[in-house]
Amino acid sequence: MPGIALVGTQWGDEGKGKVTDLLAAETDLVVRYQGGNNAGHTIVVDGERYALHLVPTGILYEHCTPVIGPGVVIDPRVLLEEIEALRGRGIDTGRLIVSGSSHLIMPYHLELDRVTERHLGRNRLGTTKRGIGPAYADKAARIGLRVQDLLDPKIFAAKLEVALKEKNLLLARVYGRLPLEKQEIEDEYLTYGEELKPYIADTVQVVQTALDRGQTVLFEGAQATMLDLDHGTYPFVTSSNPVAGGACAGAGVGPRDIERIIGISKAYCTRVGSGPFPSEADPADAEVLTEVGGEYGTTTGRKRRCGWFDAVVGRYAARLNTLTELVVTKLDVLSRFESIKVCVAYEYEGERFESFPPHQTIFNKCRPVYEEVPGWSEDVSGARSAEDLPKEARAYLELIESLVGTRVSWASVGPERDQIVAL
Ligand code: IMP
């Protein structure tokens, strides 16, 4: 089983870190293939809580090689801080490798992310303000700077000159901000380059060699299907491709290298930032889910919007990612509702949609069609097998399985490593 992709099926924060942890023992490489430090994986290992943003979760397991692939955008200051913080907690970071082809998040990307959001006013996207969108935009416009440029001061200075000229005009003339100093950026980034040098490698070669040797490589998706630039709720999406197909381009492997594709879904649903969310719960239920589920962002601390499980989104994600299985997380959070709603379809202007609607207007204005099923009051956090779960919880998981059309292989019932039910 060489290639495994792990993808979020909703709007992120599904608990992918927990699943990486479950697979860690049999994994040789953990590869990030898209996104940047907009992500936040929380992992609890031996009672210690780690919040990782950029470094792949594989860093926490001594036998794993953590890899940052070419499809990731890197803020070098954040990467170095994260490495330092891990080192401070006794984690060996020497195994980490970073692709020289990854694009750099530059100071003007951070500034632009802030000012463009402000400029959009009530139409803002609610980004994490980490410079992700502007960095990917420069990559596509072919004026981006890459990690390998840090190793060649002359090239770095020349590319920076080109990019900064345009960015300073934009910042000053359009957004009324002060222009940024080229020399300051150059000095700062070349110092980062020196510090990052030992980590920079041809990650594509390393990953391909591992796969050819039959080693297990876990492609760790950040964000999720509904935040995918091409397939999510555009424009309220991130600027990369979190879907399983994105792992191929972002890590440098072929579709046949990935055999197992695990989708992660909360037993309910959350999203942060702006954008449509048909199954968003009424304020009273949402408040319970937020507080019991601890639904505050790992990266920005923002309160997440909470709602019910959306089977239309589930089916859409299952097909888009060709999921081979589904892991349902945070089942324990639902242990207090007399009845639980599941969105099985949408309705718009008298028409029923069981599949994801083709136009955003429909998704924006549709009404969720709910099926209401009995809840359970028992605490399930101690459950370790299907038999330990109340029959209503088992029926709920079976309902998800049949609505999504994908086998549910695990249900997570708490943050600790052993709080898991294999199904
Ligand atoms: P960006 O990725 O910072 O550009 O933000 C674009 C959208 O994606 C916003 O709605 C963010 O809240 C959302 N987003 C980005 N990263 C994550 C994540 O890791 N979890 C959940 N939402 C995210």
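A polar contact here is a pair of N or O atoms within 3.5 Å; within protein, one of the two must be able to donate a hydrogen and the other to accept it. Keep that cut-off handy for the exercises below, and remember that the model is predicted.

**Exercise 1. Place Ser409 and find the partner of its side chain.**

Step 1: start with the fold. Ser409 sits in strand 19, which runs over residues 408-412.

Step 2: check the cover. The relative accessible area of Ser409 is 7%, and the cut-off for buried is under 20%, so Ser409 counts as buried.

Step 3: list the company. Skipping residues up to four places away in sequence, Ser409 touches Glu325, Leu326 and Val327, plus Val421, Ala422 and Leu423.

Step 4: pick out the polar pair. The side chains of Ser409 and Glu325 come to 2.7 Å, a polar contact.

**Exercise 2. Work out whether the length of helix 2 fits its residue count, then describe its surroundings.**

Step 1: do the arithmetic. Helix 2 covers residues 76-88, 13 in number, and at 1.5 Å a residue it should span 18 Å. The C-alpha atoms at its ends are 18 Å apart, so expectation and model agree.

Step 2: look at the buried side. Pro76, Val78, Leu79, Leu80, Glu82, Ile83 and Leu86 are the buried residues. As a reminder, an α-helix has 3.6 residues a turn, so residues three or four places apart point the same way.

Step 3: see what they pack on. The buried residues of helix 2 pack against several elements, including strand 4 (48-52), strand 5 (65-68) and helix 6 (182-196).

Step 4: inspect both ends. At the N-terminal end, Asp75 acts as a cap, with a side-chain oxygen 3.1 Å from the backbone nitrogen of Arg77. Just after the helix, Gly90 has a positive phi of about 80°.

**Exercise 3. Describe what surrounds the ligand and which atoms make polar approaches to it.**

Step 1: count the shell. There are 15 residues around the ligand, and the closest are Asp13, Asn38, Thr128, Thr238 and Arg302.

Step 2: sort the shell by class. Six residues are nonpolar, seven polar and two charged.

Step 3: go through the polar distances. A polar side-chain atom of Asp13 is 3.1 Å from a ligand nitrogen. A side-chain N or O atom of Arg302 lies 2.9 Å from a ligand oxygen, while a polar backbone atom of Val272 is 3.4 Å from an oxygen of the ligand.

Step 4: ask how much ligand surface is covered. Taken alone, the ligand exposes 470 Å², and the protein buries 96% of that.

**Exercise 4. Find the backbone oddities at Pro235, Gln223 and Thr322.**

Step 1: recall the norm. Most residues other than glycine have a negative phi, and most peptide bonds are trans.

Step 2: check the peptide bond. From Tyr234 to Pro235 it is cis, with omega near 5°. Pro235 belongs to the loop between strand 10 (217-220) and helix 8 (244-251).

Step 3: check phi. Gln223, in the loop between strand 10 and helix 8, has a positive phi near 55°. Thr322 isn't a glycine either, yet its phi is positive, about 45°; it lies in the loop between helix 10 (311-321) and strand 15 (325-329).

Step 4: compare exposure. Gln223 is buried, with a relative accessible area of 10%, whereas Thr322 is partly exposed at 41%.

Terms used:
Residues are numbered from 1 along each chain as its sequence is written. This is a predicted model: local features need pLDDT of at least 70, side-chain atom pairs count only at pLDDT 80 or more; totals for chains, interfaces and linings use all residues. Side-chain values use heavy atoms; hydrogens and water are left out. A residue is near a molecule or strand if one of its heavy atoms lies within 4 Å of it. Accessible areas come from the Shrake-Rupley method with a 1.4 Å probe; for residues, only the protein chains shown count as cover. Ala, Val, Leu, Ile, Met, Phe, Trp, Tyr, Cys and Pro count as nonpolar, Asp, Glu, Lys and Arg as charged, and the others, Gly among them, as polar. Helices (H or I, at least four residues) and strands (E, at least two) are DSSP runs, numbered from the N terminus. The expected span of a helix is 1.5 Å times one less than its number of residues. Buried means under 20% relative accessible area, exposed over 50%, partly exposed in between (1.4 Å probe, protein chains only). Contact means heavy atoms within 4.5 Å.
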